[in-house]
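Biologist: Could you pull the model up so that we can go through a few contacts together?
Modeller: Sure, here it is.

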Amino acid sequence: MTKLTQEEIIKKLDNRIFQLLTKTADELHRECYLVGGYVRDLFLDRPTNDIDVVVVGSGIEMAESFARKLGKGCSLAVFRNFGTAQVKWKHQEIEFVGARKESYSHDSRKPVVENGTLEDDQNRRDFTINAMAVCLNGDRLGELVDPFDGLWDLEDGLIRTPLDPDITFCDDPLRMMRCIRFATQLNFFIDEETFSALERNAERISIISGERIIDELNKIMMAPTPSKGFVELQRCGLLQIILPELSALDIVETRNGKSHKNNFYHTLEVVDNIAAHSEKLWLRWAALLHDIGKPKSKRWEPAVGWTFHNHNYLGKKMLPSLFRRLKLPMDERLKYVQKLVDLHMRPIIIADDIVTDSAVRRLLFEAGNDIDDLMLLCEADITSKNEVRKRNFLQNFKLVRSKLVDIEEKDRIRQFQPPIDGVEIMQMFGLGPCQEIGYLKNALKDAILDGVIPNEHEAALQFIIEKAAQKGLFPTADAVSSGQT
């Protein structure tokens, strides 16, 4: 954090947008303040493009006058029902709102809004670090208005509500998600009293739409260390409500002196490992959900201890209903996460055994263009505390990666298309669609993937003829005379 004097704040606001905001406010004789995240990020020296402006009076009037001054190249959107307006210019968005005070009913996060003062407006803010305001009027330009000591909380790395946190969270339960999201993004701690209110009000999250919750979860997921947010969600009881499949992993059972690992904290370690190497949101989701099938698959086997057989398959089957409930996309992004969850054990199994060309060829065929993401997930999944075992796995993964490159160059498996398709087989034997055609197609695919024959037309043709003969099928006279066989 950087401590800024009023003069230093003025220097940071020395550009055309803020100059015109000052000019507009003074001409309209309106108190005007820069508020929220832009002020917070000034002191944190974080880049931000979104500017929030509070006007004591009509925010719409201010926006309209400001847009006229900006002139060509800006766009104005007015939302009269909400008393707000938005101006877009180049890569920046400037939001305008009149200072207001709010009151809530118990079953809705939509407030009853009245005109108010700057103090009223700051009282309704979610956290002290977001309740600071900087005056934009010419005679007070750069003056910081910080009634809740948000600057101190920035310095201490603390998330705290301006007023009673129970009221803050009960009025708008989405603020609970925002509380944890800000703590995660900024690597701040949550004030004890504020955290206790999270625990007391967790059930209130039920009135929030799935889309709003997912928006906050995605921001937590894209933080540098996502695990921080999920630990806090679990601690306060929110995770059990919004993502119980993940929360259910937070258990360790012991029988006959044998315990399994805590799969919740293992999962978070995997997510952090992925976050350190990739900005892909859906790869991070795959890491978060890769073990959700473990609670349903867990069994005690006296000879070996705890097992989680087929947890990858069960996890894949759980994903559509989970995505639907959370309002996550039911398109190719779901299929991508399903694929990675289903296949995440395969490279580990290969690396734990002799790395055969056949096993690698099949892995490449099933993963397709997602093979690199799958390998990254599998390497992130190696969190063993046994350094020798971990080192051996990672060394074998290098061998798997090397074979993937060699086999792809030789056999073109990633975009695998058999050299003979079903239509050619039907013409060859004078058959229509039938079980035998499916059998021959699958046999050909397996032969190529297992390395029995090369991925070439002549070799495939000879294989099909021999395999068909075992079923009592022989090429037609037309196929023979035309040189098809």
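Biologist: What does Asp-146 touch, not counting residues up to four places away in sequence?
Modeller: Asp-146 touches Met-132 and Leu-151, where contact means heavy atoms within 4.5 Å. This is a predicted model, in which local features need pLDDT of at least 70 and side-chain atom pairs count only at pLDDT 80 or more, while totals for chains, interfaces and linings use all residues. Residues are numbered from 1 along each chain as its sequence is written, and side-chain values use heavy atoms, with hydrogens and water left out.

Biologist: And where does Asp-146 lie?
Modeller: Asp-146 sits in the loop between β9 (144-145) and α6 (150-156); helices (H or I, at least four residues) and strands (E, at least two) are DSSP runs, numbered from the N terminus. A polar atom of the Asp-146 side chain lies 3.0 Å from the backbone nitrogen of Leu-151.

Biologist: Which side chain of opposite charge is nearest to Asp-146?
Modeller: That is Arg-160, 7.3 Å away, and Asp-146 has no salt bridge although it is buried. Lys and Arg count as positive and Asp and Glu as negative, with His and the chain ends not counted; a salt bridge is a side-chain nitrogen of Lys or Arg within 4 Å of a carboxyl oxygen of Asp or Glu. Buried means under 20% relative accessible area, exposed over 50%, and partly exposed in between (1.4 Å probe, protein chains only).

Biologist: How many salt bridges are there in the whole structure?
Modeller: A search finds 30. In one of them, Glu-64 pairs with Arg-80, with the closest N and O atoms 3.1 Å apart. The pair links distant parts of the chain, Glu-64 being in helix α4 (residues 59-70) and Arg-80 in the loop between β3 (74-79) and β4 (84-89), 16 residues apart.

Biologist: Is Arg-80 buried or exposed?
Modeller: Arg-80 is exposed, with a relative accessible area of 58%, whereas Glu-64 is partly exposed at 26%.

Biologist: Switching to helices, at what angle do the axes of α10 and α15 cross?
Modeller: The axes of α10 (residues 210-221) and α15 (residues 281-289) come within 10 Å and cross at roughly 90°, so the two helices are roughly perpendicular to each other. Ile-214, Leu-217, Asn-218 and Met-221 of α10 make the contact with Leu-281, Arg-284, Trp-285 and Leu-288 of α15. Axes are lines fitted to C-alpha atoms, for helices over the stretch in contact, with angles from 0 to 180 degrees between N-to-C directions; under 35 degrees counts as roughly parallel, over 145 as roughly antiparallel, 65 to 115 as roughly perpendicular and the rest as oblique.

Technical notes
A polar contact is a pair of N or O atoms within 3.5 Å; within protein, one must be able to donate a hydrogen and the other to accept it, and residues adjacent in sequence count only if both atoms are side-chain atoms.
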